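Dear colleague,

Please find below the structure that I am handing over to you, followed by a short account of what was found in it.

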Amino acid sequence: GLRGALTAPSPQDWEQRQEEDTLLIERILLLIRNVLHVPPDPTEEQGVDGDASVHDRVLWALHISGMDDLLKFLASAQVEQQWGLHVLEIISLMFRDQNPEELAALGQGPAGAEHREDTQELETLRQRELAEKRARALQRPSRHSRFGGSYVLQGLKSIGDRDVAFHKGLHNLKSYSHDLGKEPQRVPRRR
């Protein structure tokens with residue numbers, strides 16, 4: 001069947017694949033698609049809670065037969081790109097009734113619960129940190145000023161009997177002199 005048509009011993013056999021083999025592969029893929037396409041009938045499927053639905057049993061049969069591996073092969077093989085849409089449709093039908101959150105949590109068990117708790121704790125810490133950052137941002141001015149301020153130095157007179165106005169930061173006050181900010185006069189070496 002499909003396995004025989006797909007598992008060829010050498011690349012030359014791929015090219016020599018008969019038209020019948022191509023038709024057979026297409027018919028089998030369409031059959032799988034049509035079987036998976038049948039909608040569930042709640043009146044027929046009145047089983048006990050936790051019972052596998054007909055859809056789940058079909059998926060299990062596909063898995064036991066190795067058909068899921070063949071579908072993965074068809075989806076990933078470069079030479080089998082012509083079957084891409086059929087395979088995509090089959091895969092979408094396989095996951096038709098599944099909830100993404102449940103699928104993601106499946107098989108994780110207690111480790112999954114611990115991971116969720118850790119994630120929740122990290123999210124709480126992140127929110128708290130963002131709130132603190134916002135509070136700090138509101139407390140300080142929005143833009144840093146390059147202007148260090150002006151100070152009047154009482155007791156030091158400038159021109160015109162006024163106190164000296166100092167325009168640098170206070171940490172520069174120790175190195176204050178009247179010549180601060182003036183260009184030194186250059187004396188030629190020969191004089």
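In what follows, helices are DSSP runs of at least four residues, numbered from the N terminus. Please bear in mind that this is a predicted model.

I begin with the pocket. The largest pocket holds about 360 Å³ of space. Its lining consists of 13 residues, and those nearest the centre are Leu59, Asp68, Met94, Phe95 and Leu103. Helix H4 (54-65), helix H5 (67-76) and helix H6 (84-94) are the elements that each give two or more residues to this lining. The greatest contribution comes from H4, with 4 residues. By character, the lining of the largest pocket comprises 8 nonpolar, 2 polar and 3 charged residues.

I turn next to helix H6. Its buried residues are His86, Val87, Ile90, Leu93 and Met94. These residues lie on the same side of H6, because they cover an arc of only 125 degrees around the axis. As a general point, an α-helix has 3.6 residues a turn, so residues three or four places apart point the same way. Leu85 and Leu88, by contrast, are exposed on the other side of H6. Helix H3 (19-37), H4 and H5 are among the elements that cover the buried residues of H6.

One residue of this helix may interest you: is His86 buried or exposed? His86 has a relative accessible area of 18%, and is therefore buried, the cut-off being under 20%. Leaving aside residues up to four places away in sequence, His86 touches Glu26, Leu29 and Leu30.

With kind regards

Notes. Residues numbered from 1 in each chain as written. Predicted model: local features only at pLDDT ≥ 70, side-chain atom pairs only at ≥ 80, totals over all residues. Heavy atoms only, no water. 1 Å grid on protein atoms, 1.4 Å probe; cavity = no way out; pocket = protein on both sides within 12 Å on 5 of 7 lines; lining within 4 Å. Points joined across faces, edges and corners; volume = space filled by probe spheres on them. Nonpolar A, V, L, I, M, F, W, Y, C, P; charged D, E, K, R; others polar. Buried < 20%, exposed > 50% of the residue type's maximum accessible area, 1.4 Å probe, protein only. Contact = heavy atoms within 4.5 Å. Arc of directions from axis to C-beta.
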